[in-house]
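Visitor: I should like to take a close look at a single part of this protein and then see what else can be said around it. Could you guide me through it step by step?

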Amino acid sequence: MKLIYCLLLIFCGSVFTSAQKTYTVQGTVQDFHDKSLLGNAVVKIGNYTAKTDQKGVFSFDKIPAGKYTLIAKHPDCNDYTENIGVDKDVHLVITLEHHSNDIETVTLHGSHKNNGSLVVKTLDKSTISRNITENLGNLLTNISGVNVLKTGNNIAKPIIHGLYGSRVSIINDGVKLAEQEWGVEHAPNVDVNNFEHIDVVKGASALKYGSGAVGGVVILQPQILPKKDTIMGLVSLSGISNGRGGDLNVKLAKTWENGWAVKTNGSFKKLGDLEARDYGLMNTGLQSSGFNFGVQKLTFDKGISFDYYLTKSSIGILRSSHVGSADDLDEALSNQQPIYTRDFSYNIDNPKQEIEHHIAKVSAYKRFKDFGKVTATYSFQYNHRKEYDIRRTAELSKKPGLDLELITHDLSVNHLIERPKWNLETGINGGYQNNYSTTKTEARRLVPNYDRFYAGIYSVYKYKFLSDLDLEIGGRYDFDRYEVTKWYDLSRWNNKYAQDYSDFVVRINQNRILTKPALNYNNISANAGIVYHPSENFNLKFNYARVSRSPNVAELFADGLHHSAAIIERGDLSLKNETGNQFNLVADMKLKVLGGLNISVNPYFFYTRNFINEIPTGYSNTQWGGDFVVYDFQQIDARMYGADLDVALKINDHLSYKGNASYVYGQDITHDVPLIMMMPATFNNSLEFSKKEWKSFYFNVSNKTVLAQSRFPIYNILITKYDTNGNSYKKEVDISTPPNGYSLWNLQTGVNLSKNLGVDFSVRNVFNTAYRDYLNRLRYFSDEMGRSFILTLKYQF
């Protein structure tokens, strides 16, 4: 028995001695993306705690032998957990998911640290939510330097620094929107209610989105879903007085902690005839709907997602904008009121547009510890556009005058590698488009059937030269090929193209000639930028971009009546690539004035060779039922420069001021005249009182002032008229002179009625001002929309 007791004492003593033996545990905490060392990270081993220094180093001197759970935390990271055994001195390298809130797609974001020298302005969730009934174009006018080219109020295309159409790319959840964007009255087919964040990149420096985005890029980003087990949703219902309509939006998402999520959004909007101050606007109703469904499995190191978007809309176009003769046009432009009127109606009659757009996207990414992040995205898009006109007979009016189907396949692969002093992003994409214009319209095709093949490759390198100085350089190459089937009038072909393009001829049929052009375009673009950040209160960016853009299908081949635009458009097969040089400078300053003053100034300069300009060149009677202004595409050398100013002042804890101003100067150097349709000087100012303690109450008063455009070219037209004796004579019709400037006041307020229920109320054009906008194609025929009251109820859970 004594022997057993001795053995037990020896065993217990050895265990006690072993338990008292301690070891050193040291290591570093680093960023997974760029391997930079993270200071102020907290590391726990059992009950022991240490914090990393500024070099990311932590140390434990006396850790008893045993098994432990190690937990590492950092304010900007997901927690890291690992089981470790301590039976000797240990050195660890802990890798955390730094800036884990980044969107798991290849997009930009206003707060991302890697914007570099890009000029980015942002509309956040709050701004979008307060303007939930607006279309994308009107919503973007909250950003300095951005305006809209409008056809009435319901059709609005964004303009960035005077450029629009194919020169502005729109990115819908990582997919470049492929639609008939060449039309002046073709609004982007997106539902803003699907998105919670909108970035606008000004200028051509965002090379990842293609060389065609000379004006800039609009990036629409959906909600980032949390990684937790929950159901979340939002229902909003709006009533709109002007148009006597409403807007309904429903969002629902189910998320899981393991990264799985399912989401769906739906919207419906309906308006009747809008009203100007003094009269109704016949046939200006709208009916639109949107649907989005997505499923995703996203974790830190890998993820896959599928998304589907559908938008459908039927848009009425002011009846008075479509005239059947030169006399009608002269009368319409001479009258202060529209020549056609009716009692209020929800009917959407001819002229009108019906558009349907589908996007299906599959995207996946994988992070590799040393190699970086690789993302691959395939998207399919289908765009179907129908435009109906007032035609010669009631039977013909039932058929669309324009019926286009555009199918787009796109595949892109991107690679991003980040290091403490540099990062490199490289990507390649390719795609195929097919456009079909049916013959069932019984009208000449405005744009022909074609196949388009395209491919591009880019690379952007950013280097931290000094602690306060970053450098950036990038390059991109794009290839475009059009294979087109098109009929020309034989006389036009012989006069303009026969000598240089005889190999495109297939056959001649009486006074028409069938051709099959095959055109290749090569574009090389580049950018270089500097970011100087000497203090928290000052930031300076300079960016240079060498731009190159291929002409689009309308600029090359348009030939006929564009019904909903009520003009005849004629393209030019001989157009060359646009090439130019673009300079952007941004200075951001923070000053200690009251609660804080932020000022941002963005001067820019753009010189372009072979700039493609569309201008009115005459007037013509057509076999399609009326007289219309003729617009031709021509190439010129052009110069544009201007400046944007943003100011934000926090007056006190509850009162703040925001303002911006924009000016752009455009000149046709070839003909020494101002460029057509340049944005006039614009000023936006707002003052807001808010108090979170009062159930998040806010009250905002804002003003928008637009000066008259004093620089404009003269492109008036001559029409033939007849006196009382039947003698013909020519009369000049002024379609060039811009309207007067204007100033609009708006009010907006909101409050949370309960934890989940909120209400917003706004008054647009408070004083019911009558005005006309130079950038509205229908300014010749009516005033803009008058006062409107909007009430929105929101239930969020």
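Guide: In this predicted model, G239 has its place in strand 15, which covers residues 230–240. G239 counts as partly exposed because its relative accessibility is 31%, and the partly exposed class lies between the buried limit of under 20% and the exposed limit of over 50%. G239 can also be set against a residue far along the chain: Y795 is 556 residues away in sequence, and the C-alpha atoms of the two are separated by 15 Å.

A second strand residue may be considered next. N265 is located in strand 17, which comprises residues 260–271. N265 has a relative accessible area of 10% and is therefore buried, since buried means under 20%. The side chain of N265 is joined to that of N194 by a polar contact of 3.3 Å.

The number of N194 leads to an annotated span. The unreviewed UniProt entry places the feature "domain: TonB-dependent receptor plug" at residues 120–217. In the model, the C-alpha atoms at the two ends of residues 120–217 lie 9 Å apart. Helix makes up 11% of this span and strand 30%.

One may then turn to the empty space inside the structure. Rolling a probe the size of a water molecule over the atoms shows where such space is left. A search of the whole structure finds 13 cavities of 30 Å³ or more. The second largest cavity has a volume of about 450 Å³, and 32 residues line it. Of these, I567, V629, Y631, R777 and Y780 lie nearest its centre. The elements that give two or more residues to this lining are helix 4 (326–334), strand 35 (597–622) and strand 36 (626–650). Strand 36 gives the most, with four residues. By chemical class, the lining of the second largest cavity divides into 22 nonpolar, five polar and five charged residues.

Helix 4 deserves a closer look of its own. Its buried residues are A326, L329, D330 and A332. Seen down the axis of helix 4, these buried residues fall within an arc of 160 degrees, so they line one face of the helix. A general rule helps in reading such a pattern: an α-helix has 3.6 residues a turn, so residues three or four places apart point the same way.

Definitions and conventions
Residues numbered from 1 in each chain as written. Predicted model: local features only at pLDDT ≥ 70, side-chain atom pairs only at ≥ 80, totals over all residues. Heavy atoms only, no water. UniProt positions renumbered as here; feature names shortened; annotations may be inferred. 1 Å grid on protein atoms, 1.4 Å probe; cavity = no way out; pocket = protein on both sides within 12 Å on 5 of 7 lines; lining within 4 Å. Points joined across faces, edges and corners; volume = space filled by probe spheres on them. Nonpolar A, V, L, I, M, F, W, Y, C, P; charged D, E, K, R; others polar. Buried < 20%, exposed > 50% of the residue type's maximum accessible area, 1.4 Å probe, protein only. Arc of directions from axis to C-beta. Polar contact = N/O pair within 3.5 Å; in protein donor to acceptor, adjacent residues only side chain to side chain.
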